[in-house]
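Hello,

I am passing on the structure we talked about, and my notes on it follow below. Could you look through them when you have a moment?

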Amino acid sequence: MVITAAVLLSIDRIEYRLYGEKTPRNIAIVLLAARIGLIELMAQLDQFRFSSFLYLIVPLLASLYFGIVVGYAFMALAWIAFFVKESF
């Protein structure tokens with residue numbers, strides 16, 4: 001789990017070093033998908049006890065990359081994922 005968290009942090013730092021404040025659209029899509037996969041892996045390893053707050057990172061990044069409407073769509077998906085995970 002620590003390795004997964006380190007990879008998440010390193011993706012962020014490498015992205016900022018390479019692209020600064022403006023990440024190209026195609027790269028942003030790939031990085032967002034990688035982050036979603038790593039966050040899901042971390043939630044599974046943690047058995048969804050302490051890592052549920054990581055689901056909030058995805059809508060924030062989506063709104064920074066693609067605009068507020070996409071951010072709201074990802075927020076709705078994060079809420080749905082959270083409630084599905086908590087109920088089962």
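A word on terms before I start: helices here are DSSP runs of H or I with at least four residues, numbered from the N terminus. Please also keep in mind that this is a predicted model.

With that in hand, I11 can be placed in helix α1. Its relative accessible area is 15%, and since buried means under 20%, I11 counts as buried. Leaving aside neighbours within four places in sequence, I11 is in contact with L31, R35 and L38. For I11 and L31, which are 20 residues apart along the chain, the C-alpha atoms are separated by 7.8 Å.

T4 also belongs to helix α1. What surrounds T4, once neighbours within four places in sequence are set aside? The contacts are L38, L41, M42 and L45. T4 is buried too, with a relative accessible area of 8%.

Next, the charged pairs. There are 4 salt bridges by the rule used here. D12 takes part in one with R13, where N and O are 3.1 Å apart. D12 also pairs with R35, and there the closest N and O atoms are 3.7 Å apart. Since R35 lies in helix α2 (residues 25-45) and D12 in helix α1 (residues 2-19), this salt bridge ties together parts that are 23 residues apart in sequence. Are the two partners buried or exposed? R35 is buried, at 4% relative accessibility, whereas D12 is partly exposed, at 29%.

Another salt bridge joins E40 and K85, with 2.4 Å between the closest N and O atoms. E40 sits in helix α2 and K85 in helix α4 (residues 68-87), so parts that are 45 residues apart in sequence are tied together by this pair. E40 is partly exposed at 26% relative accessibility, and K85 is partly exposed with a relative accessible area of 26%. Through shared partners, salt bridges link D12, R13, E15 and R35 into one network.

Now to the helix packing. α2 and helix α3 (residues 57-66) pack with their axes 11 Å apart, at an angle of about 180 degrees. Because angles over 145 degrees count as roughly antiparallel, that is how α2 and α3 are described relative to each other. On the α2 side the contact is made by R25, A28, I29, L31, L32, R35, I36 and I39; on the α3 side it is made by I57, V58, L61, A62, Y65 and F66. Sorted by class, this contact has 12 nonpolar, no polar and 2 charged residues. R35 therefore turns up both in the salt bridge with D12 and in the contact of α2 with α3.

Last, the core. In soluble globular proteins, nonpolar side chains tend to be buried together. Here the largest nonpolar core has 14 residues, and those with the most contacts inside it are L8, L32, I39, Y65 and F66. Which elements give two or more residues to this core? They are α1, α2 and α3, and α2 gives the most, with 6 residues. As for F66, apart from residues up to four places away in sequence, it touches R25, A28, I29 and L32.

Do write back if you would like to go through any of this together.

Best wishes

Definitions and conventions. Residues are numbered from 1 along each chain as its sequence is written. This is a predicted model: local features need pLDDT of at least 70, side-chain atom pairs count only at pLDDT 80 or more; totals for chains, interfaces and linings use all residues. Side-chain values use heavy atoms; hydrogens and water are left out. A salt bridge is a side-chain nitrogen of Lys or Arg within 4 Å of a carboxyl oxygen of Asp or Glu. Buried means under 20% relative accessible area, exposed over 50%, partly exposed in between (1.4 Å probe, protein chains only). Axes are lines fitted to C-alpha atoms, for helices over the stretch in contact, and angles run from 0 to 180 degrees between N-to-C directions. Angles under 35 degrees count as roughly parallel, over 145 as roughly antiparallel, 65 to 115 as roughly perpendicular and the rest as oblique. Contact means heavy atoms within 4.5 Å. Ala, Val, Leu, Ile, Met, Phe, Trp, Tyr, Cys and Pro count as nonpolar, Asp, Glu, Lys and Arg as charged, and the others, Gly among them, as polar. A nonpolar core is a set of buried Ala, Val, Leu, Ile, Met, Phe, Trp, Tyr and Cys residues joined through side-chain atoms within 4.5 Å.
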